[in-house]
Amino acid sequence: MEVALNWYLGLSAILFSIGTLGVLFKRNAIVLLMSVELMLNAVNLTLVALSQSMGDPDGQLLVFFTIAVAAAEAAVGLAIVIAIFRRKLTVDITEINLFKF
Amino acid sequence: MSHDLLVRLILLLPLTGAVLLGVLPLFMPALRKRESLIGTIGTSMVVIPFAITVYLFASYGGDPVTVNYFTWMQAGDLTLDFAYRIDELSLIMTLIVTGVGGVIHLYSTGYMHGDSGYWRFFAYLNLFIFAMLNLVLANNLAVLFLGWEGVGLCSYLLIGYWYTDLENSAAANKAFIVNRIGDFAFLMAMFLIFSELGSLSFDVLLSDAASVLSTDTINYIVLLLFIGATGKSAQIPLFVWLPDAMAGPTPVSALIHAATMVTSGLYLLARMSPIVLETEIVMAIIAITGALTAIMAATIAITQNDIKKVLAYSTVSQLGYMFMAAGVGAFFVAIFHVLTHAFFKACLFLGSGSVIHSMEHVEHDLEHEGEDVSDFDPQDMRTMGNLQKYMPSTGWTYFIATLAISGIPLLAGFFSKDEILFKAFEYGYDGNTYAWFVWVVGIVTAALTAFYMTRSYYLTFMGEERWPMADKIHPHESSWRMTVPLWILAAGSVLTGFLGLPAVIAHGEWNWIHHYLGADYGGPVAEASVAGHVSLPIEWALIGLSSVIAVGVFFYARNVYLSQGIAFDESLKARFGGLYELWENKYRWDDFYNNVVVEALINQISRDGLAPFDSKIVDGAVNGIASATQESSSLLRRIQTGVVQNYALALVFGVVLVIGLMLFGG
């Protein structure tokens, strides 16, 4: 059966919201990164769905970029988290408040 | 050589000397002790310009030479050139400044021997000469003002040379601050001139001013210039700095008093003489101020016991004479008196320095003998006496200069002072009533001058020795570095008078200074034209009168001080009573300034009027802005948690808000 476009968009909105809530309220830096991944993938899903529905491959092209950037972001982000963990022995971001005035 | 290069050298040599002596020893402490090197550099940086000036003077053709270095500033209508000018007036002034200044430098090499700041002293002296040369060689008022302020600064540095002494620093401050009052008026005059004429250059100023400006404007300009001059040239009411300036080393007193700074006010008037002559009212003010200053300072000088204070008040008095000459329109005579005065006053000051020097040795010897010297003042004439016996060179030169300033016939001071009195008489004869007042005051002051100077000589150099243990301890003549300058200056005190022989003797032909400076002969210095000439017998009578007064008072003072010594001052005191006390207390000018100006006006106004305004309104505004910033920032600071999630939350709210607005905001 044909899945309507709105279903895709709905799922994407739900995934994005879960990701956003995760970023806003989780304390664990790893989970924070995972939440960011979730938000990115929600956007990817929207792009692919719209690309399919409009018969335009540009959206799918954008997804490749997103995946590449997300990979880079994960690498840098994890590296920072590891570096901080070595120094402070925690990944709880409320403990990592070096920039606080 | 070209004039351009020569003028450059005249100005740059003293400046180079000042920089060399002022900067190098800072980094090379070993140089500070090399007195002969420092003295040679310092002296030659003034003597070489003197030689150059002599050459310029000899080769001067009669046409003013303008040397333009560069455009100093250009803004709107204002164009100021860094330009210098050689003409008769600036040449004479430069000769005085570098000539007498050079002699004083030579003297200082001996006088300052052993002083820890030898290098600093010579750096200041050279800087002083540089500033003064700027003043007299300038071709516009702005460059002149540069030199004007320069001598003010250097006088501050030199008067306060022994700066660890609080009294000396106070004297330096006083000289500087009092001069600032005059400088303010000078600045106002410059602004007025520029706004009216659009130029500060002498060429424009002196040729156009009289025809372009209204009488009122000229009155204001000349009055402001004169107020400026009263500061530098120590006239009522701004003379109070000058007696205090004795705090500096004696050669400084000689330099400031005889050759440089105090003559600058008069030089300014002489330079501006074409417009000064346009204003009768201000000329009367100038002449009367000069006359009052002359007699006031002369009466104070009679009561002084400090040898340098006598000379200081004498300078104020003689400057009064010069202003009298300017006020009756005889500017070339004023400059003539500047010239003769430079010699005999420098000679007197340096002589007093020589005396003080040897009295300090007496003090030292007394201390060595175990005597209590805490009350001993090496400048007090009451502890001197009979020094002629021990220091013949100093004594003779001091005597010659005393005769010269007293107006004994055929010496320099006689010719210049008599010429001033004659001009005043002539001007009065011509219908200017104020000139009679000037003349009478001038005659009385001449008598007072002869009296206090003779008193100073006989108390110091004759009579009995009055210092303790006089039979055992003797003062000594100073070194050649100090006596040679004295003899040079004494020679000048005798000879310079012949540069301005009175018309009656020379039939108007031999008055060199008149021919050289006077506008009638193409010189730069204007003079008042006098319609009704005084007849020859009256001229002879006037000369006779001043000769009789000078000689008579000289012998009278000589006799009383030889026979009675310092005791005669007591009988003077008894005879004049309250008046004498007033003289002794210097007419209470300083008390007046302290009570009225400093205490009542400045302290009251600033304490009760301006201080609350300052602390409440000005400070309030500044502090208010600062605390408002602090308050508001402490509010904003709470938002900056440093937690990324908080920022992200704000971002999300913002996005939701923007989307909401796009969807429903229409």
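Salt bridges first, everyone: across all chains, this structure holds 17 of them. Please keep in mind that we are looking at a predicted model. As a reminder, side chains of opposite charge can pair when their charged atoms come close.

Let's start with B:D590, which forms a salt bridge with B:K174. The closest N and O atoms of this pair are 2.8 Å apart. Now look at where the two residues sit: B:D590 belongs to helix α26 of chain B, covering residues 589–639, while B:K174 belongs to helix α6, covering residues 166–197. They are 416 residues apart, so this pair links distant parts of the chain. As for its surroundings, B:D590 is partly exposed, with a relative accessible area of 27%.

Next, please find helix α18 of chain B, residues 412–429. Here B:E426 forms a salt bridge with B:K423, and their closest N and O atoms are 3.7 Å apart. How far apart are B:E426 and B:K423 along the helix? They are 3 residues apart, which puts about one helical turn between them. Are these two residues buried or exposed? B:E426 counts as buried, at 5% relative accessibility, and B:K423 counts as buried too, at 17%.

My third pair is B:E584 with B:K573, a salt bridge whose closest N and O atoms are 3.6 Å apart. This one also links distant parts of the chain, with the two positions 11 residues apart in numbering: B:E584 is in helix α25 (residues 578–584), and B:K573 is in helix α24 (residues 567–576), both of chain B. B:E584 is partly exposed, with a relative accessible area of 28%, and B:K573 is partly exposed as well, at 30%.

Before we leave the charges, here is a group to click on: B:R85, B:D87, B:D203 and B:R271 are linked in a network of salt bridges.

Let's zoom out to the domains. Chain B is divided into domain 1, residues 340–584, and domain 2, residues 591–664. What separates the centres of these two domains? Taken over C-alpha atoms, the separation is 67 Å.

Finally, over to chain A. An unreviewed UniProt entry places the feature "transmembrane region" at residues 6–25, 30–50 and 62–85 of this chain. In the model, residues 6–25 of chain A are 100% helix and 0% strand, and the end C-alpha atoms of that span lie 28 Å apart. Residues 30–50 of chain A are likewise 100% helix and 0% strand, with end C-alpha atoms 31 Å apart.

Thanks for listening, and I'm happy to take questions!

Definitions and conventions: Residues are numbered from 1 along each chain as its sequence is written. Chains are lettered from A and ligands numbered from 1 in the order in which they are written. This is a predicted model: local features need pLDDT of at least 70, side-chain atom pairs count only at pLDDT 80 or more; totals for chains, interfaces and linings use all residues. Side-chain values use heavy atoms; hydrogens and water are left out. A salt bridge is a side-chain nitrogen of Lys or Arg within 4 Å of a carboxyl oxygen of Asp or Glu. Helices (H or I, at least four residues) and strands (E, at least two) are DSSP runs, numbered from the N terminus. Buried means under 20% relative accessible area, exposed over 50%, partly exposed in between (1.4 Å probe, protein chains only). Domain bounds come from an automatic or database domain assignment. UniProt positions are given in the numbering used here, feature names are shortened, and annotations may be inferred rather than shown by experiment.
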